Every structure is written in structure tokens, then in C-alpha cells.
Amino acid sequence: MATRDLKIPSQRHPEKAKRPDNAQPRKPAWIRVKAPVGEGYKETHKIMREHKLTTVCEEAGCPNVGECWNQGHATMMIMGEVCTRACTFCNIATGKPPEDLDVFEPGRVADAVKKLGLNHVVITSVDRDDIEDGGAEHFAQTIRAIRRQSPATTIEILTPDFIRCDPKVLEVVVEARPDVFNHNLETVPGLYPEVRPGARYFHSLRLLQRVKEMDPTMFTKSGIMVGLGEDRQSVMQVMEDMRAADIDFLTIGQYLQPTPKHHRVDRFVTPEEFAAYEKAAFGKGFLMVSATPLTRSSYHAGDDFAKLREARLAKMSKA
């Protein structure tokens with residue numbers, strides 16, 4: 001069997017190859033970013049390559065990679081670079097992962113975190129439905145390895161939904177005590193069949209609720225994209241659902257179409273609409289909200305975590 005070249009879109013996303021092309025509309029001025037440059041960017045890139053690490057910044061084509069890497073911030077993506085799901089919005093390579101989990105990866109991630117001198121790190125992963133525990137133990141080992149080498153670094157994880165696993169695997173991750181447990185709902189429930197067909201909205205919601213039940217002190221976080229075809233009412237309902245699940249932190253960002261084979265951009269949501277979403281979310285009781293066109297799950301995550309802690313302390317002092 002020939003090796004796939006993940007730089008070629010048709011090999012990166014074989015399940016999308018026969019899909020009709022969707023036009024990619026011109027981005028408005030508020031969504032454009034500068035090309036990645038700067039010494040900080042080069043140094044971060046060098047450290048990632050030296051440690052043979054994958055980042056979601058590169059794999060998902062994040063528009064903020066230049067800004068974040070220049071500041072030494074990067075979101076590490078563990079468990080390989082091929083995802084077993086085929087979400088129509090996502091630019092991560094899809095298919096059957098060619099390798100087992102790398103037992104040395106947690107240590108390499110911890111080394112990179114120490115070299116970068118990170119105060120806050122975000123660890124995410126591909127979905128690994130081919131593994132019995134979905135990679136839960138691998139997440140736990142990575143958290144523990146970072147704690148050993150960089151005990152002062154706060155750790156945020158962005159996990160899969162573990163939908164095909166024994167419910168007990170979630171305990172393995174929570175018991176490793178990350179500072180923030182993030183799992184993105186991604187979109188409104190009505191769009192799940194076409195946007196996130198391998199997932200289930202209420203399963204993801206319940207996952208986050210269970211984290212809070214296991215450890216009420218752990219911060220929980222989730223995010224959605226807008227511009228996929230949702231309406232304002234459905235976004236408001238997602239906010240209500242998240243608050244019912246006691247989620248602390250909400251992110252809302254603009255969906256950007258990676259290639260013509262991906263889900264179309266329904267529209268570009270204006271900065272004013274994002275500001276209105278942010279105001280509404282704070283009104284519903286979220287401790288922290290980030291809602292801008294360029295917001296992504298881990299964008300400014302360290303600064304936002306500091307604000308999240310301050311917001312909790314302020315709330316407790318009023319109680």
C-alpha cells in the first residue's frame with residue numbers, strides 16, 4: 001500500500017474527494033491576518049520539529065498561527081496527525097491512523113513545554129476511535145509528564161468525545177487534574193448531521209457536565225463556530241444548554257473554509273454580532289467568554305485562563 005502524502009488535499013481528505021466544490025467567498029477586511037514571520041515564530045517552529053511534535057495550529061490551518069507562535073504559544077496535538085472522524089469543517093487529515101500511540105510522545109511534549117517556558121499549555125488530539133479508551137490514558141500521561149517537568153505550568157486539554165468508549169475512561173483524564181477541560185460542541189445541534197456526523201450533540205454536552213460532577217473545581221470550556229448556517233436563536237439555545245451543564249468558558253469564532261471540498265461558509269458574521277453574542281453569554285452566567293471573528297479554542301488561552309480564575313474568585317467573594 002502506497003504511503004499517503006498528507007500535503008495533497010485528495011489524500012489528506014479521501015472521503016471528501018468526490019464532494020462537489022463549494023465556492024470560497026472572499027474574506028472581509030476584519031478576518032484577514034498577516035503571514036507568519038518573526039524570530040519567535042521561527043524558534044517555536046524549530047522546537048516543534050526537534051521534538052517531532054504535531055500542532056493543531058499547522059494541521060488545522062489556524063489563522064492565528066503567526067501571532068501565537070511569535071509569542072511562543074502553540075497548541076500541541078497528540079496521538080498522531082490522522083483523525084478517524086470526517087467532520088466536514090475540519091482540515092485535519094482523516095482516515096485510519098497508520099500508527100499505534102507513541103509511548104514517548106508525552107515526554108517529548110513535556111520537554112517542549114519546558115523549552116518554550118510556557119506558563120499555560122493547550123493539549124489537543126485527533127479522534128482515535130481505533131483505540132479502546134480513545135486515548136484517555138495517553139492524555140493523562142501527557143498531563144503527568146508536563147506536571148513533572150513544569151509544575152508551575154497550567155494545563156488546558158481539548159479532548160475528543162470518547163463516544164465509543166466505556167464511560168469510565170473520562171475518569172482517567174479528570175483524575176490527572178488538568179486545570180481546564182475543554183471539549184468543543186463546534187456547532188448547533190441542527191447542523192450536526194452535515195457538519196459533525198460522527199458525533200452527537202447531547203453526548204458532548206453530557207461529557208462536559210460529567211467532568212463538573214467528578215470535579216466541581218475543574219474549569220470546563222467549550223466552543224462553537226458561526227457562519228455555518230445557524231441562526232441567532234439556535235446559538236442562544238446552545239448557550240442555555242452549556243450553562244445548564246455548568247460550563248464556565250465559552251468561545252465563539254468565525255468558521256473559515258479550508259478547501260473547496262469542505263463545508264461552505266454560509267456568511268461572515270460581523271464584529272458587531274460577535275460583540276452582541278459575548279454580551280448575551282456573560283448575561284447568561286459564563287465566567288469567561290471570547291467571541292470574535294478570529295477566536296479559536298486556544299487563542300489567547302493563557303491570558304483567558306488568568307481572567308477565568310479572577311472571575312471565579314470575584315464570584316466567590318460576592319457569594
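These are my notebook entries on a predicted model of one protein chain.

**Ground rules**

I number residues from 1 along the chain as its sequence is written. The model is predicted, so I accept local features only at pLDDT of at least 70 and side-chain atom pairs only at pLDDT 80 or more, while totals for chains, interfaces and linings use all residues, and side-chain values use heavy atoms, with hydrogens and water left out.

**Entry 1: the whole chain**

I began with the overall make-up and found 12 helices and 10 strands. Helices here are DSSP runs of H or I with at least four residues, strands are E runs of at least two, and both are numbered from the N terminus. Next I looked up burial: of the 319 residues, 54% count as buried. Buried means under 20% relative accessible area, exposed means over 50%, and partly exposed is in between, with a 1.4 Å probe and protein chains only.

The chain exposes about 15,000 Å², and carbon and sulfur atoms supply 54% of that area. Accessible areas come from the Shrake-Rupley method with a 1.4 Å probe; for residues, only the protein chains shown count as cover.

I also checked how far along the sequence contacts reach. Among contacts between residues at least 6 apart in sequence, 76% join residues at least 24 apart. A contact means heavy atoms within 4.5 Å.

**Entry 2: the annotated cysteines**

Which residues does UniProt list under "binding site"? The unreviewed entry places this feature at Cys83, Cys87 and Cys90. UniProt positions are in the numbering used here, feature names are shortened, and annotations may be inferred rather than shown by experiment.

I took Cys83 first and found it in strand β3, residues 82-83. Cys83 is buried, at a relative accessible area of 9%. Setting aside residues up to four places away in sequence, Cys83 touches Ile92, Ala93, Thr94, Gly95, Val126 and Asp127.

Cys87 sits in the loop between β3 and β4 (93-94). Is Cys87 buried or exposed? Cys87 counts as buried, with 15% relative accessibility. Beyond its neighbours within four places in sequence, Cys87 is in contact with Lys16, Val195, Arg196 and Pro197.

**Entry 3: Lys16 and His13**

Lys16 had just turned up beside Cys87, and I followed it to the loop between α1 and α2. Lys16 is buried, with a relative accessible area of 2%. Its contacts, not counting residues up to four places away in sequence, are Ala86, Cys87, Thr88, Cys90, Lys261 and His262. Lys16 and Ala86 are 70 residues apart along the chain, yet their C-alpha atoms are separated by 8.5 Å.

His13 lies in the loop between α1 (9-12) and α2 (39-50). His13 is buried as well, with a relative accessible area of 3%. Leaving out neighbours within four places in sequence, I found His13 in contact with Cys90, Asn91, Ile92, Ala93, Thr94 and His262. How many residues along the chain lie between the positions of His13 and His262? They are 249 residues apart, with C-alpha atoms separated by 9.5 Å.

**Entry 4: the cavity**

I then searched the whole structure for cavities and got 1 of 30 Å³ or more. A cavity is a set of points, on a 1 Å grid over the protein atoms alone, where a 1.4 Å probe fits but cannot get out; lining residues have an atom within 4 Å of a point. Grid points are joined across faces, edges and corners, and the volume is the space filled by probe spheres set on the points.

The largest cavity holds about 40 Å³ of space. Its lining includes Arg85, Asp127, Phe162 and Cys165. Asp127 is also a contact of Cys83. The lining divides into 4 nonpolar, 1 polar and 5 charged residues. Ala, Val, Leu, Ile, Met, Phe, Trp, Tyr, Cys and Pro count as nonpolar, Asp, Glu, Lys and Arg as charged, and the others, Gly among them, as polar.

**Entry 5: backbone and a loop**

Most residues other than glycine have a negative phi. Met79 has a positive phi, near 75°. Met79 is in the loop between β2 (75-78) and β3, and at 2% relative accessibility it is buried.

Asp246 also has a positive phi, near 65°. Asp246 lies in the loop between α10 (232-244) and β9 (249-254) and is partly exposed at 36%.

Last, I looked at Ala152, in the loop between α6 (136-149) and β6 (154-158). Ala152 is exposed, with a relative accessible area of 71%.

Note on methods: 1 Å grid on protein atoms, 1.4 Å probe; cavity = no way out; pocket = protein on both sides within 12 Å on 5 of 7 lines; lining within 4 Å.
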